[in-house]
Amino acid sequence: MSQQLTNEYLTGLAKEFGTPLYVYHAEKIQEQYNKLTKAFNNSNTVFFYACKALTNINILRYIKSLGANVDCSSINEVRLALYAGFPPARILYTSNGIGFSEIEEAQALGVIINIDSLSNLEKFGKKFGRSYPVGVRLRPNIMAGGNLKISTGHDKSKFGIPVDQIEKVLDVVRRYDMNIADLHIHTGSEIKDADVFVKSIEILFDIIPHFKELKFIDLGGGFKVSDRRDFTETDIDAIAKKVNESFASHTQPGARNFQVWFEPGKFLVSQCGYFVTQVNVIKETSSATFVSVDSGFNHLIRPMFYDAYHHIENISNPSGPEKKYSVVGNICETDTFAWDRTLNEVREGDHLVFHNAGAYGFEMSSNFNSRFKPAEVMVKDGKAFLIRKRDVFEDLLRSQVLVD
Ligand code: LLP
């Protein structure tokens with residue numbers, strides 16, 4: 001049975017902690033993690049939580065307690081992961097486009113590193129030779145993912161070293177006698193189709209014979225979650241089956257066996273998250289009935305940035321008559337959350353909740369319009385914990401420098 005927080009419970013949290021409010025349900029994260037480990041239980045597979053989705057330190061600690069490793073996309077995420085208690089051996093830093101000094105810092109911290117450019121590979125080889133095993137991020141030239149902005153593996157993407165440049169990679173590796181421990185491919189976000197992963201595996205197996213010391217194959221993240229417009233869940237069991245079959249078909253008896261890595265972000269934390277807002281104003285116009293909530297794309301940018309669909313519920317009037325609304329924010333720029341959306345009748349003061357808000361919600365929020373970032377609450381074992389205070393006015397001034 002899928003875990004859900006009830007409307008009454010969320011209304012209570014809105015009253016206790018105020019709005020706008022991000023709420024994360026820890027046991028839902030566990031439910032999602034268990035789906036992954038169960039599906040892949042017959043294979044040597046390890047999951048690195050892509051923490052760019054949600055980095056609150058309490059979430060990191062909770063995910064660590066489940067047994068997952070962590071994937072980072074900046075040196076500060078690496079520092080947060082260390083702070084949360086992950087040992088360096090369980091931290092992966094999949095870099096992209098970063099300065100070499102950050103890679104040196106990651107190396108000094110002892111974490112696993114995936115390098116995504118020939119330039120940094122060359123610098124790494126020159127400085128560390130074979131003394132520090134390292135991974136290579138490749139661009140497979142595959143189009144996959146929900147929206148072009150979140151597709152990373154195609155042939156116009158900036159991510160990874162294009163597979164067609166493999167000879168150049170091998171040249172660097174040979175010249176510096178490097179120890180390449182893993183090959184990495186991440187094709188995009190919101191992938192449902194197992195064949196995308198199978199295609200990556202096929203591409204990798206073409207080049208694997210060149211990497212004699214390879215131990216790990218990293219297939220990235222991207223498992224899509226149901227967003228309630230499309231209720232079908234990604235069939236993780238089907239993906240696991242196809243991935244395992246594909247590995248088996250490429251592995252001759254007695255040949256090397258690789259540990260497989262995945263870096264799920266959304267799959268672990270999207271559905272655990274609820275974004276609770278309050279209705280400020282209802283405005284009737286000839287074109288639409290606008291419902292303005294006490295938020296905007298400064299707090300949840302996904303609808304405006306990716307056309308992402310977030311299911312919205314009026315938790316204050318769940319059995320009111322259904323009507324159509326345009327749900328918008330209160331910032332001084334167009335910040336539409338949903339057009340022409342059917343909701344139970346909305347009154348000023350009602351609480352609207354946005355579902356699937358755990359991943360890339362708070363994490364992509366900003367202080368645009370000098371508004372405060374929301375508070376965050378984690379619900380665990382039936383108890384609600386404030387895990388980030390709402391901003392206060394001093395936060396807006398904290399790093400500004402006054403000059404005469
Ligand atoms: N690994 C790498 C190397 C990635 O670049 C990403 C996401 C992930 C793993 C995790 O992907 P996930 O499992 O979360 O789909 N802000 C966008 C998503 C951008 C994803 C960027 N990279 C959104 O809100 O849809």
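User: How far is the backbone N or O atom of Gly-222 from an oxygen atom of the ligand?

Analyst: Polar contacts are read from distances between N or O atoms, with a cut-off of 3.5 Å. In this predicted model, a backbone N or O atom of Gly-222 lies 2.8 Å from a ligand oxygen atom. A polar backbone atom of Gly-265 is 2.9 Å from an oxygen atom of the ligand. With Tyr-360 the side chain takes part: one of its N or O atoms is 2.7 Å from a ligand oxygen atom.

User: Thanks! How much of the ligand's area does the protein bury?

Analyst: Here is the general idea: the size of an interface is often given as the accessible area lost when the parts come together. In this case, the ligand taken alone exposes 580 Å², and the protein buries 92% of that. As for the site, the ligand sits in the largest pocket.

User: Which residues come nearest, and how does the shell divide?

Analyst: A shell can be read by its members and by their character. Of the 19 residues around the ligand, the nearest are Ser-189, Glu-263, Lys-266, Arg-302 and Tyr-360. By character, the shell has six nonpolar, seven polar and six charged residues.

User: And where does the ligand lie with respect to domain 1 and domain 2?

Analyst: For that, check which domains supply the shell. The domain assignment gives domain 1 as 26-269 and domain 2 as 273-391. Both domains give residues to the shell around the ligand, so the ligand lies between them. Their C-alpha centres are 32 Å apart, and the contact between them takes 21 residues from domain 1 and 20 residues from domain 2.

Definitions and conventions
Residues are numbered from 1 along each chain as its sequence is written. This is a predicted model: local features need pLDDT of at least 70, side-chain atom pairs count only at pLDDT 80 or more; totals for chains, interfaces and linings use all residues. Side-chain values use heavy atoms; hydrogens and water are left out. A residue is near a molecule or strand if one of its heavy atoms lies within 4 Å of it. A polar contact is a pair of N or O atoms within 3.5 Å; within protein, one must be able to donate a hydrogen and the other to accept it, and residues adjacent in sequence count only if both atoms are side-chain atoms. Accessible areas come from the Shrake-Rupley method with a 1.4 Å probe; for residues, only the protein chains shown count as cover. On a 1 Å grid over the protein atoms alone, a cavity is a set of points where a 1.4 Å probe fits but cannot get out, and a pocket is an open set with protein on both sides within 12 Å along at least five of seven lines; lining residues have an atom within 4 Å of a point. A molecule sits in a cavity or pocket if more than half of its atoms lie within 2 Å of its grid points. Ala, Val, Leu, Ile, Met, Phe, Trp, Tyr, Cys and Pro count as nonpolar, Asp, Glu, Lys and Arg as charged, and the others, Gly among them, as polar. Domain bounds come from an automatic or database domain assignment. Contact means heavy atoms within 4.5 Å.
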